[in-house]
Amino acid sequence: MEGVTDFATRLWMAQTAAPDEATTPFLRVTKDYPSKRISANFLPEIELSKEHGVVSCVPQLMASETPDLIRIGEYFLKSVPFIDINCGCPSPTVVGHGAGSSLLQSPEKFHRYLSEVVSALGGEHVSVKMRVGFLDEGEFPALLDVLRSFPLARLTIHGRTRTDRYRGLARWAHMDLASRQLACPVVGSGDVLSLESFDEKMKEAPCLAGVIVGRGALRNPWLFRQLRQGKDRVVVSRSLVKARMLQFVLLQELQQQHWESFFKTVRDGFFNLGNELSGSEAEERNELLAAKIFNGVERECLAAVLWPVSRVSLARGKMLWNYLRSGLNAPPELSVAILRAPDWLAFLNALDAFLEHLSAEDVAVGYHREWDWVYSGAGSTIQDSREIT
Ligand SMILES: Cc1cc2nc3c(=O)[nH]c(=O)nc-3n(C[C@H](O)[C@H](O)[C@H](O)COP(=O)(O)O)c2cc1C
């Protein structure tokens, strides 16, 4: 997810509940960019493995012109089995440049684009992420016909059109159709928020090879564990919620301000303990990591109040909180102080106050639609508007 799932977030997600795999946010490729260098933190997973506490990650690329995409695709294919092409981004800037979901505007254009990429890179090295149409879902069968001609590594479908952006509900019947008609594995996307919604979607589209979870993984970061274990509730301790929340901010800070020592620490195996830590263990690991990188001290702990958290990392923490709060069973008023916190200390105090209001030490994490207003396709279908007469 663009602007969300950078390396620090993927590492954090792997530490929290370990999804099977991740994808980078799209890398927008042009004739001149990237030219000779790609940012070290775009896909550091290339140099890491499961033992380092990360999950494998597919690079996603977006380009208006196929030669640009092919050039960078060839670079990544030295290290990964396939690259993903973004044919779904609805942003007006991206569409205006002829990339993302604009590739779906005509089946001929879509065919030409894929044919050039597949003949250069090989279908088995290419996966596609798309929507069910540009203007209208009626465009889907013709797009499916195009896809039939290519032996892709995988197809992921977000069941909305470009016109929908994130409104309404994703159409899983379209994903079902694709999974029955195409030879490649088809993965579904849209509105997986809980075990219940996952089960419903798998009933509607039983031949899918898998699902991806976007916003739901921020609303309930333990969702992957829940889905794996087939449990209808995730219960975690308040102290673990707090430790994971703080860890997110810490990792953001380390990624932005201390990349080299941070990456060395990851490569040295600091995160190989996995995702079954208790709240106090997770808190201690945070403090050890902070002391190691901020103060260069191996064995001491540095309490969270002393971390030098920049405005950018604080803003990232608030972004996560804005999703996560709809997964925690407390009224939104209490969480507003966290979103408004002017600095790190105020953020910590507001978080403590919020957690104290949760009724018990053990917290059931689950989605509360009524408390969510972030990119909420499902939320926007609530009939809360009045007709203008
Ligand atoms: C903030 C945001 C950024 C996104 N960025 C990307 C992206 O870079 N590449 C992509 O393929 N999809 C992107 N998506 C779409 C998601 O991958 C997913 O298909 C969509 O959000 C529906 O799934 P969900 O209901 O599980 O979130 C983004 C979605 C959001 C909300």
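Colleague: Let's start on helix α5: what relative accessibility does Asp 145 have, and does that count as buried, partly exposed or exposed?
Modeller: Happy to, and please keep in mind that this is a predicted model. Buried would need a value under 20% and exposed one over 50%. Asp 145 comes out at 44% relative accessibility, so the residue counts as partly exposed.

Colleague: Which side chain meets that of Asp 145 in a salt bridge?
Modeller: The partner sits in the same helix, α5 (residues 140-148), 3 residues apart from Asp 145, which is about one turn of the helix. With a relative accessible area of 40%, this partner is partly exposed. The N to O distance is 2.4 Å, and the partner is Arg 148.

Colleague: How many salt bridges does a search of the whole structure find?
Modeller: The pair of Arg 148 and Asp 145 is one that meets the criterion. A side-chain nitrogen of Lys or Arg has to lie within 4 Å of a carboxyl oxygen of Asp or Glu to be counted. Over the whole structure, the search gives 15.

Colleague: Arg 160 also takes part in a salt bridge; how many residues apart are the two partners?
Modeller: The side chain of Arg 160 meets that of Asp 191, at 2.6 Å from N to O. The pair links distant parts of the chain: Arg 160 lies in strand β7, Asp 191 lies in the loop between β8 (186-189) and α7 (195-204), and their separation is 31 residues.

Colleague: What relative accessible area does Arg 160 have, buried or exposed as it may be?
Modeller: Its partner Asp 191 has 11% relative accessibility and therefore counts as buried. Arg 160 is buried too, and its relative accessible area is 0%.

Colleague: Which residue forms a salt bridge with Asp 372?
Modeller: The N to O distance in this pair is 2.7 Å. It links distant parts of the chain, 153 residues apart: Asp 372 is in the segment after β11 (362-365), and the partner is in helix α8 (residues 216-219). Asp 372 counts as buried at 8% relative accessibility. At 4%, the partner counts as buried as well, and it is Arg 219.

Colleague: Which residues do salt bridges with shared partners join into one network?
Modeller: Here the bridges go beyond a single pair, since they share partners. The network is made up of Glu 137, Asp 164 and Arg 171.

Colleague: Turning to the ligand, which residues come nearest to it?
Modeller: There are 16 residues around the ligand. They divide into 6 nonpolar, 6 polar and 4 charged. One of the nearest, Asp 191, is also the salt-bridge partner of Arg 160. The full set of nearest residues is Glu 2, Gln 60, Ser 189, Asp 191 and Arg 215.

Colleague: What share of the ligand's accessible area does the protein cover?
Modeller: Polar atoms of the protein reach the ligand from several residues: a backbone atom of Glu 2 is 2.7 Å from a ligand nitrogen, and a side-chain atom of Lys 129 is 2.9 Å from a ligand oxygen. A backbone N or O atom of Gly 214 lies 2.8 Å from an oxygen of the ligand. On its own the ligand has 610 Å² of accessible area, of which the protein covers 90%.

Colleague: Arg 244 is buried yet has no salt bridge; how far away is the nearest side chain of opposite charge?
Modeller: Arg 244 is in helix α10 (residues 238-257). Its side chain does have a polar contact of 3.0 Å with the side chain of Gln 247. A salt bridge would need a distance within 4 Å. The nearest side chain of opposite charge belongs to Glu 281, at 8.1 Å.

Colleague: Where is the cis peptide bond that leads into Pro 34, and what is its omega?
Modeller: Most peptide bonds are trans. Pro 34 is in the loop between β2 (27-28) and β3 (57-58). The cis bond runs from Tyr 33 to Pro 34, with omega near -15 degrees.

Colleague: What is the phi of Ala 18?
Modeller: Ala 18 is in the loop between α1 (7-17) and β1 (22-23), and at 18% relative accessibility it counts as buried. Most residues other than glycine have a negative phi. Ala 18 has a positive one, near 45 degrees.

Conventions:
Residues numbered from 1 in each chain as written. Predicted model: local features only at pLDDT ≥ 70, side-chain atom pairs only at ≥ 80, totals over all residues. Heavy atoms only, no water. Near = heavy atom within 4 Å. Polar contact = N/O pair within 3.5 Å; in protein donor to acceptor, adjacent residues only side chain to side chain. Areas by Shrake-Rupley, 256 points an atom, 1.4 Å probe, with all protein chains shown as cover. Nonpolar A, V, L, I, M, F, W, Y, C, P; charged D, E, K, R; others polar. Helix = DSSP H or I, 4+ residues; strand = E, 2+ residues; numbered from the N terminus. Buried < 20%, exposed > 50% of the residue type's maximum accessible area, 1.4 Å probe, protein only. Lys, Arg positive; Asp, Glu negative; His and termini not counted.
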